[in-house]
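Biologist: I've got a model open on my screen and I'd like to learn how to read it. Can we walk through it together?

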Amino acid sequence: MAVTEVERPAFMPADPAPLGLAAFALTTFLLSGHNASFIPDGIWVGAALFYGGLIQLFAGMWEFRNRNVFGATAFSTYGGFWLALGIFVVLLTGSKGFAGLFKGTDVDNSLAWFLIAFAIFNTYMLLWSSRVNTAVFLVFLTLEITEVLLAIGFFRIAHGMSPYMLHVGGWAGIVTAGVAWYTSAAGVVNGMSPVAVLPVGRPMWGALPAAARTPSAIRR
């Protein structure tokens, strides 16, 4: 009598999106709290290097394995964002040679252009996030507003104006962190429940391509 092989369920990789969103949210909260003037400076740097940076970069790499181009691009890019910003501050405060490259208002102007560059990237990600779900769209929308406000704030400071707009951008960042935390929490709790517990909304138009719809406990 022939022995038939028992069928095993296909391997289902865990969704890295809740981790990536949590890393982004916490680091954004710490830096935004500083920009809004209620969290001391410096505490966000370690988080930027290891949680918002390294861990989010890992989440992006894992999204490549899930064949999720959008998630891989978003998490990897913003992991790089936090790593770059954290290293910039470390070098600026710890290396006289590096700090000597900046004269007068160069630091504030550089930070403004840094934010504008990522706002350009964020613009097309914002448009295409509308194909994921409402919660993800709101993350990119609030982030877009935050980046623009902070860029304006740094340009204003560079021109001798008040840091008012920087504080406004900080509070916008707090909202961004809150939305990202909610979206992360929804991914965790919905992935542990047979039915959705925290709503994230539906895609605003179309549907994700088949390559991005890998088996996952998290509803995209």
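**Loops, helices and a patch**

Modeller: Sure, let's start at a loop: Arg67 sits in the stretch between H2 and H3. Keep in mind that this is a predicted model.

Biologist: What is the sign of phi at Arg67?

Modeller: Positive: phi of Arg67 is near 60°, and Arg67 is a residue other than glycine.

Biologist: And is Arg67 buried or exposed?

Modeller: The cut-off for exposed is over 50% relative accessible area. Arg67 has 54%, so it counts as exposed.

Biologist: Where is Ser37, and what is its phi?

Modeller: Ser37 is in the loop between H1 and H2. Its phi is near 80°, again a positive value in a residue other than glycine. Ser37 counts as exposed because its relative accessibility is 53%.

Biologist: Let's zoom out. How many helices and strands does the protein have?

Modeller: Seven helices and zero strands. Read from the N terminus, the order is α-α-α-α-α-α-α. The chain has 220 residues, and 43% of them count as buried.

Biologist: How do I describe two packed helices?

Modeller: You give the angle between their axes and the distance between those axes. Try H1 and H2: their axes come within 8 Å and cross at roughly 160°. That angle makes H1 roughly antiparallel to H2, because the cut-off for that label is over 145 degrees.

Biologist: What about H1 and H3, at what angle do they pack?

Modeller: Helix H1 (residues 17-35) and helix H3 (residues 69-94) pack at about 30°, with axes 11 Å apart. So H1 is roughly parallel to H3, as angles under 35 degrees get that label.

Biologist: Which hand do the crossings have?

Modeller: H1 passes H2 in a left-handed crossing, and H1 passes H3 in a left-handed crossing too.

Biologist: Now the surface. Which residues form the nonpolar patch?

Modeller: Leu19, Phe50, Leu54, Phe58 and Trp62 make up the patch, and together they have about 470 Å² of accessible area.

Biologist: Which helix gives the largest share of the patch?

Modeller: Helix H2 (residues 43-65), with four residues. Trp62 is one of the patch members, and its place is in helix H2.

Biologist: How exposed is Trp62?

Modeller: Partly exposed, because its relative accessible area is 44%. That label covers values between the buried cut-off, under 20%, and the exposed cut-off, over 50%.

Terms used
Residues numbered from 1 in each chain as written. Predicted model: local features only at pLDDT ≥ 70, side-chain atom pairs only at ≥ 80, totals over all residues. Heavy atoms only, no water. Patch = residues over 30% accessible without salt bridge, like charges linked within 9 Å, V, L, I, M, F, W, Y side chains within 5 Å. Areas by Shrake-Rupley, 256 points an atom, 1.4 Å probe, with all protein chains shown as cover. Salt bridge = Lys/Arg side-chain N within 4 Å of Asp/Glu carboxyl O. Helix = DSSP H or I, 4+ residues; strand = E, 2+ residues; numbered from the N terminus. Buried < 20%, exposed > 50% of the residue type's maximum accessible area, 1.4 Å probe, protein only. Axes fitted to C-alpha atoms, helices over the stretch in contact; angles between N-to-C directions. Parallel < 35°, antiparallel > 145°, perpendicular 65-115°, else oblique. Left-handed = near helix turned anticlockwise from the far one by under 90°.
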